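I opened a fresh notebook page for this one. Here is what I looked up, entry by entry.

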Amino acid sequence: MALAFDEYGRPFIILREQEKKSRLQGLDAQKANIAAGKSVARILRTSLGPKGMDKMLQSPDGDVTITNDGATILELMDVDNQIAKLMVELSRSQDYDIGDGTTGVVVMAGSLLEQAEKLLERGIHPIRVAEGYEMASRIAVDHLESISTKYEFSATDIEPLVQTCMTTLSSKIVSRCKRALAEIAVKAVLAVADLERKDVNLDLIKVEGKVGGKLEDTELVQGIIVDKDMSHPQMPKRIEDAHIAILTCPFEPPKPKTKHKVDIDTVEKFQTLRGQEQKYFDDMVQKCKDVGATLVICQWGFDDEANHLLMQRDLPAVRWVGGVELELIAIATGGRIVPRFQELSTEKLGKAGLVREKSFGTTKDRMLYIEKCANSKAVTIFIRGGNKMMIEETKRSIHDALCVARNLIINNSIVYGGGSAEISCSIAVEAAADRHPGVEQYAIRAFADALDAIPLALAENSGLPPIDTLTVVKSQHVKENNSRCGIDCNDVGTNDMKEQNVFETLIGKQQQILLATQVVKMILKIDDVITPSEYC
């Protein structure tokens, strides 16, 4: 510490720690931030598109994840830089809001930063660049609206939804089964969707996985699967026309809340206590039988005595079922969750056409299927696969497909994929740049160049010469005035994405452009970076 005096002679202290802080200002700060953003985008660039590569990530405790889902890769990466963390949040917000396009949004943001760096080196003020980007993003979003098409579907005609979900799944590991998985995802969403209100609650779709079998064995169950088995091995494994009591109270005698001590000094007293306990269990089981329950699902456990009694009284039971699963069972069967035995009544029982226990392979793994429910508003997608990593990646892929189907129900406008929407926007933004007289027109042109990053990455990842491919498709766009031409990643022989059935949701694509522009504007406006010293 050093002592100094101001002009009035008053002492003040200068902290030495200040000089230990590192500081970047002006163009250096902006270049450092842009470099950090670009490096994150570069990691994801190779994962874009149907021929994109996967990443293997190992967590500190040794868990391995193999995925090409942008949000998951960034979530599992240990990122220190603050600007790189912004890119992680960008991908996460795209995932929360749309569920798909998490890789593309980061690649686009990285490309916008790259173009901005060139403009900054030419002496253009970052605020003017940010304003130009804002104008260009509005032009691009309006243009997307104009080239979009309404995709009509109904509960009976689901083909349009399936085609769009197949586009999403084509870039995943599970692409060989994309048709079957897309149909499962669409049927699951339509089962829980309210088409009049255009609302979908994805919480009602349970995604369960079990190692073993093959990916083709993945199925949609019109009901709930619980990873539990009957509490006693001699209980029936199949119950038809089941009346289910859903309990959150334990099958055991009540315990006083205060500390207590029971002194038993004679055999008679012990027998009385035991008889009392048995009567209590008897009454509980009888109460369930009286209201007509043929199956008890309990959130808590029960001891061997209660288990034995339930078996003797021919009342099958399942114990230790989680709270979320209980809620889904209640929704599916139309039952009510009962917190006290005294409140149990016939109206509160759930109804299911079939409850069966299913075992898998040679293992002792068993699961409980609750099917043919009174209210099929809750469904389960049951995934099979060769190993745990495969199942986890399939779950992420199915989640993306579910989100796409939900987005189409909310807004049934689509644009064509394969980079065609970006190329079309790039041409429109380039043409609009001449109408802006200020310095912003440089930024608007740079935005048009940045939009080309997606089709370039798609071509590169597919093993095609990127610049040649892009120029051919761009000239086709202009000559034929056809906004459906994209990169032929799968080597089908046509650039027309309508013929290839490659679709993307309009709201997903608009959100990508808006989110990427917002984050880039935020990064460009930072001109001073003060970081604390690492060693004090």
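Before I list any neighbours, I fix the term: I call two residues in contact when heavy atoms of theirs lie within 4.5 Å. I also keep in mind that this is a predicted model.

**Entry 1: L161 and its surroundings**

I started with L161, which sits in helix α7 (residues 159-169). Is L161 buried or exposed? I find it buried, because its relative accessibility is 1%. I then asked which residues touch L161, leaving aside its neighbours within four places in sequence. My list reads F153, V186, L190, A405 and L408. I also took one distance from here: G209 is 48 residues from L161 along the chain, and their C-alpha atoms are 24 Å apart.

**Entry 2: cysteines**

How many disulfides does the structure hold? I count zero. I wanted to see why C165 has no partner, so I looked for the closest cysteine sulfur; that of C403 is 9.8 Å away, too far for a bond. For scale, my cut-off for a disulfide is a pair of sulfur atoms within 2.5 Å. C288 is in no disulfide either, and the nearest cysteine sulfur, in C249, is 7.9 Å from its own. I noted the accessibility of both: C165 is buried at 0% relative accessible area, and C288 counts as buried at 0% as well.

**Entry 3: salt bridges**

I moved on to charges and found 35 salt bridges in the structure. One of them joins the side chains of D400 and K172, with 2.9 Å from N to O. Where do the two residues lie? D400 is in helix α12 (residues 388-410), while K172 is in the loop between α7 and α8 (178-192), so the pair ties together parts that are 228 residues apart in sequence. I checked the cover too, and both D400 and K172 are buried.

K206 and E208 form another salt bridge, at 2.8 Å from N to O. I find both K206 and E208 buried.

For D217 and K214 I read an N to O distance of 3.6 Å, again a salt bridge. Here the residues are partly exposed: D217 has 34% relative accessibility, and K214 has 46%.

My last note on charges is a network of salt bridges that links D229, K237, E357 and R366.

**Entry 4: strand β17 and its partners**

Why do I call strand β17 (residues 366-373) largely enclosed by the rest of the structure? Because six of its eight residues are buried. I then went through its pairings. Strand β11 (residues 223-226) pairs with β17 in the antiparallel sense, over four bridges; within this pairing, G223 has E371 of β17 as its bridge partner. Strand β16 (residues 350-359) is also antiparallel to β17, over seven bridges, and A352 is bridged to C373 in β17. Between β16 and β17 the hairpin has six residues, and there I found G361 with a positive phi near 55°.

**Entry 5: a three-stranded sheet**

Next I traced an open sheet of three strands, in the order β6-β19-β20, with antiparallel pairing. Which strands are at the edges? They are β6 (149-150) and β20 (503-505), each pairing on one side only. I counted three bridges between strand β19 (residues 413-416) and β20, and one residue pair I wrote down is Y416 with its bridge partner F503 in β20.

**Entry 6: helix α15**

Helix α15 (residues 453-461) is largely enclosed by the rest of the structure, because seven of its nine residues are buried. I listed the buried ones: A453, I454, P455, A457, L458, A459 and N461. What covers them? The cover includes α2 (26-45), α5 (102-121), α13 (420-433), α14 (440-451) and α16 (466-480). Just after α15 I came across G463, which takes a positive phi of about 80°.

**Entry 7: a nonpolar surface patch**

I finished on the surface, where V262, I264, F270 and L273 form a nonpolar patch. Together they have about 360 Å² of accessible area. I followed up on L273, which belongs to helix α9 (residues 267-290); L273 counts as partly exposed, with 39% relative accessibility.

Methods: Residues numbered from 1 in each chain as written. Predicted model: local features only at pLDDT ≥ 70, side-chain atom pairs only at ≥ 80, totals over all residues. Heavy atoms only, no water. Buried < 20%, exposed > 50% of the residue type's maximum accessible area, 1.4 Å probe, protein only. Patch = residues over 30% accessible without salt bridge, like charges linked within 9 Å, V, L, I, M, F, W, Y side chains within 5 Å. Areas by Shrake-Rupley, 256 points an atom, 1.4 Å probe, with all protein chains shown as cover. Salt bridge = Lys/Arg side-chain N within 4 Å of Asp/Glu carboxyl O. Pairing = 2+ DSSP bridges.
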